[in-house]
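Here is a set of short questions and answers for someone opening this structure for the first time. Keep the sequence and the 3D view at hand.

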Amino acid sequence: MEKLNFVKNGVLRLPPGFRFHPTDEELVVQYLKRKVFACPLPASIIPEVDVCKSDPWDLPGELEQERYFFSTREAKYPNGNRSNRATISGYWKATGIDKEIVTSKGNQLVGMKKTLVFYRGKPPHGTRTDWIMHEYRLVTTEATVCNSPQKKNSIQIPLVPIENWVLCRIFLKRRSTKNEEENFQIGNKNRVCKLRNTKPVFYDFLTKDRTDLNLGPSCASSGSSGVTEVSSNESDDHEESSSCNSFPYFRRKP
């Protein structure tokens, strides 16, 4: 069967309607492990690029999409384990703790994922950007990693990694969700301010009852004292609240 190749000139080219959205486990087990031990890949879909030789916006592929690359780690010091992640305009800086990648069946540790953020300038005074990189590295002690059938009485030769390969996923962090939340909060604050500035409106639902009881007119809006006048003959039968903004309260003596 002919091997599928979707990489042209270092850029991923998929047919219309196809998307490449692998899980962390698939990236480590199906791609990185096979790459490290020179086993056949499911498809030639991830190009080989030295991600630290270029700035993230200059790497091959569409800037609006996630991009995947096989890359090798360069030691920062001859006798050290730290990687050199400096680029032309800045550097990649690790953030948080590394995440373990385990298999869905058997819960076996197969790799680690490191999250890095790109900074413009030189450390330690670089300016943080929205470029994010997930760096996957292999963790394995297996002698055989290729899923090829083993014949009986055959001698299994331990495979040795050919190079210090890592798999990188690079993308531009989107901030639309945060902006939408901020706009939503601002909208809620404006609604609250409008409600606080709105003056209450009082409706007199007892106007008909007052007419039947021969009560005087309610307080006028032109600045009257707010006390409802009651005839002397009915002063002993009714008591009314002196507040103009509340409903009258009547109490009838037994």
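Q: Where is Q65 found?
A: This is a predicted model. Look past α1 and before β3 for Q65. Its place is the loop between α1 and β3.

Q: Is Q65 buried or exposed?
A: A residue counts as exposed when its relative accessible area is over 50%. Q65 has 51% relative accessibility, so Q65 counts as exposed.

Q: How many Å apart in space are Q65 and L172, C-alpha to C-alpha?
A: In sequence, 107 residues separate Q65 and L172. In space, their C-alpha atoms are 7.9 Å apart.

Q: What pattern does the protein follow along the sequence?
A: There are 3 helices and 7 strands to place. Read along the sequence, they give β-β-α-β-β-β-β-β-α-α.

Q: What is the strand order in the open sheet of 5 strands?
A: The pairing in this sheet is antiparallel. The twist from one strand to the next averages 25°. The order is β3-β7-β6-β5-β4.

Q: Which strands stand at the edges of the sheet?
A: In the order β3-β7-β6-β5-β4, look at the two ends. An edge strand here has a single partner, so one side of it is left without a neighbour in the sheet. The strands at the edges are β3 and β4.

Q: How many bridges join β5 to β6?
A: β5 covers residues 109-120 and runs antiparallel to β6. K113 stands opposite Y136 in β6, and T115 has H134 as its bridge partner. The number of bridges joining β5 to β6 is 9.

Q: Which residue in β7 is the bridge partner of H134?
A: H134 also pairs with T115. On to β7: 6 bridges join β6 to this strand, and the two run antiparallel. The partner of H134 in β7 is R169.

Q: Which residue in the hairpin of β5 and β6 takes a positive phi near 95°?
A: This hairpin has 6 residues between the strands. The residue with that phi is G121.

Q: Which two residues does a cis peptide bond join?
A: Most peptide bonds are trans. Here, omega is about 5° at the cis bond. P124 is found in the loop between β5 and β6. The residues joined are P123 and P124.

Q: What is the phi of A38?
A: Most residues other than glycine have a negative phi. A38 comes just after α1, in the loop between α1 and β3. A38 is exposed, with a relative accessible area of 54%. Its phi is positive, near 55°.

Q: Where is the place of N107?
A: N107 is a residue other than glycine with a positive phi, near 55°. N107 is exposed, at 58% relative accessible area. Its place is the loop between β4 and β5.

Q: Why is α1 largely enclosed by the rest of the structure?
A: The cover over its buried residues includes β3, β4, β5, β6 and β7. Among those buried residues are L27, V28, Y31 and L32. α1 is largely enclosed because 10 of its 13 residues are buried.

Q: Which element gives the most to the largest nonpolar core?
A: This core has 22 residues, and Y31, L32, I46, F70 and L167 touch the most other members. The elements giving two or more residues are α1, β3, β6 and β7. The one that gives the most, with 6 residues, is α1.

Q: How many residues does the second, separate core have?
A: Its members include V51, W92, V166 and C168. V166 is also among the residues in contact with L32. The second core has 13 residues.

Q: What share of the residues counts as buried?
A: The protein has 254 residues. It exposes about 18,500 Å², and carbon and sulfur atoms supply 51% of that area. The share counted as buried is 30%.

Q: Over which residues does pLDDT stay under 50?
A: The protein averages a pLDDT of 74, and 53% of the residues score at least 70. Where pLDDT is low, the predicted coordinates should not be read in detail. The stretch under 50 is residues 211-250.

Note on methods
Residues are numbered from 1 along each chain as its sequence is written. This is a predicted model: local features need pLDDT of at least 70, side-chain atom pairs count only at pLDDT 80 or more; totals for chains, interfaces and linings use all residues. Side-chain values use heavy atoms; hydrogens and water are left out. A nonpolar core is a set of buried Ala, Val, Leu, Ile, Met, Phe, Trp, Tyr and Cys residues joined through side-chain atoms within 4.5 Å. Buried means under 20% relative accessible area, exposed over 50%, partly exposed in between (1.4 Å probe, protein chains only). Helices (H or I, at least four residues) and strands (E, at least two) are DSSP runs, numbered from the N terminus. Contact means heavy atoms within 4.5 Å. Accessible areas come from the Shrake-Rupley method with a 1.4 Å probe; for residues, only the protein chains shown count as cover. Two strands pair if DSSP finds at least two bridges between them. Axes are lines fitted to C-alpha atoms, for helices over the stretch in contact, and angles run from 0 to 180 degrees between N-to-C directions. pLDDT is the predictor's confidence in each residue, from 0 to 100. Lists of a residue's contacts leave out its neighbours within four places in sequence.
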